[in-house]
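Colleague: Pick out the charged side chains in this one and give me a close look at how they're placed. Start wherever you like and work outwards.

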Amino acid sequence: IRDSGYTVATGPEAETAFYNFTALNIPYTHPSRLESDTLYLDYGDTEEEILLRTHTSPMQARYMEDHDPPVYVVVPGKVFRSDSVDATHSPVFHQIEGLAVDSNITFADLKGTLAEFARRFLGADTKVKFIPHYFPFTEPSAEMHAFTNGEWIELLGCGMVNPAVFEHVGYDPDQLSGFAFGMGAERMAMVRHGITDLRALIDADVRVLEQYR
């Protein structure tokens with residue numbers, strides 16, 4: 001990451017609804033705000049809703065508020081959702097968020113950056129494709145799929161930063177552009193090592209974990 005010019009940053013796991021949702025252009029009617037998806041905290045006397053962050057994306061807004069552009073940052077961290085544990089879900093898991101903001105960033109920069117990541121992570125001959133998708137904080141948005149082990153597999157979500165996000169943090173969307181991406185760390189490990197059950201990664205048996213060094 002650092003050899004590509006990105007800084008590594010971290011942020012709070014107990015987050016406000018503003019940074020987790022509003023600053024990322026997620027509307028009040030979005031289902032992710034419901035208690036069926038998000039774990040809310042009884043946190044003192046504050047009127048602001050406090051929750052366990054559902055993604056590492058709040059650091060997009062926090063980092064831009066504290067830093068002048070250009071911005072090139074990745075944010076690894078733990079996230080929380082109201083999910084039951086099964087082969088592909090867990091209420092606690094890890095994400096890696098990426099954000100690049102500069103004066104003339106295009107979707108081609110996004111594709112080139114993530115294609116290079118896929119080649120480094122899965123092998124030099126890895127092919128990728130980008131499929132249109134929807135995220136409130138990026139426009140246009142996409143999923144990146146990689147061809148590995150004889151099949152196409154979804155790796156991550158990405159897109160160009162929505163101008164509304166820039167406006168929330170005081171950046172000028174007429175002067176700046178950027179891209180963002182987010183991936184599940186456990187999912188990336190499962191794809192790379194051919195793991196079919198997420199629970200293997202949190203198994204207390206060290207003999208299991210040692211297989212995936």
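**Charged side chains and their surroundings**

Modeller: Let's start with Arg 62, which is partly exposed, with a relative accessible area of 23% (buried is under 20%, exposed is over 50%, and partly exposed is in between, using a 1.4 Å probe and protein chains only). Bear in mind that this is a predicted model, where local features need pLDDT of at least 70 and side-chain atom pairs count only at pLDDT 80 or more, while totals for chains, interfaces and linings use all residues. Residues are numbered from 1 along each chain as its sequence is written, and side-chain values use heavy atoms, with hydrogens and water left out.

Arg 62 forms a salt bridge with Glu 15, and the closest N and O atoms are 2.7 Å apart (a side-chain nitrogen of Lys or Arg has to be within 4 Å of a carboxyl oxygen of Asp or Glu). Arg 62 belongs to helix 2 and Glu 15 to strand 2, so the pair ties together parts 47 residues apart in sequence (helices are DSSP runs of H or I with at least four residues, strands are E runs with at least two, and both are numbered from the N terminus). At 1% relative accessibility, Glu 15 counts as buried.

Strand 2 belongs to an open sheet of 3 strands, in the order 2-4-3 with antiparallel pairing (strands pair if DSSP finds at least two bridges between them). Strand 2 (14-16) and strand 3 (40-41) are at the edges with a single partner strand each, so one side of each has no neighbour in the sheet. Strand 3 is joined to strand 4 (residues 50-52) by 2 bridges, and the partner of Leu 41 there is Ile 50.

How many salt bridges does the structure hold? The count is 4. Beyond the Arg 62 pair, have a look at helix 3, where Glu 116, Arg 119 and Arg 120 are linked in a network of salt bridges. Arg 119 and Glu 116 have their closest N and O atoms 3.2 Å apart, and being 3 residues apart in the helix, they are separated by about one helical turn. Glu 116 also meets Arg 120 at 3.0 Å, N to O; those two are 4 residues apart, about one turn of the helix. As for accessibility, Glu 116 is partly exposed at 31%, Arg 119 is partly exposed at 33%, and Arg 120 is exposed at 54%.

Now for Glu 97, in strand 6 (residues 92-102). Glu 97 is buried yet has no salt bridge, and the nearest side chain of opposite charge, Arg 81, is 8.3 Å away (Lys and Arg count as positive, Asp and Glu as negative, while His and the chain ends are not counted). What does the side chain of Glu 97 make a polar contact with at 2.6 Å? That partner is the side chain of Gln 60, and a second polar contact, of 3.0 Å, joins Glu 97 to the side chain of Ser 57 (N or O atoms within 3.5 Å; within protein, one able to donate a hydrogen and the other to accept it, and residues adjacent in sequence count only if both atoms are side-chain atoms). Leaving aside neighbours within four places in sequence, Glu 97 is also in contact with residues including Thr 56, Val 73, Phe 181 and Gly 182 (heavy atoms within 4.5 Å).

Strand 6 also takes part in an open sheet of 7 strands, in the order 1-5-6-10-9-8-7, and the pairing is mixed. Strand 1 (7-8) and strand 7 are the edge strands, each with a single partner strand, so one side of each is left without a neighbour in the sheet. Strand 7 (residues 127-135) and strand 8 pair antiparallel over 8 bridges and form a hairpin with 2 residues between them. A charged residue turns up in that pairing as well: Ile 131 has Glu 143 as its bridge partner in strand 8.

Last, the nonpolar surroundings. In the largest nonpolar core, of 25 residues, Met 64, Val 71, Val 73, Leu 99, Val 101 and Tyr 171 touch the most other members (a core is a set of buried Ala, Val, Leu, Ile, Met, Phe, Trp, Tyr and Cys residues joined through side-chain atoms within 4.5 Å). Among the elements that each supply at least two residues are helix 2 (58-66) and strand 6. Helix 2 gives the most to this core, with 4 residues.
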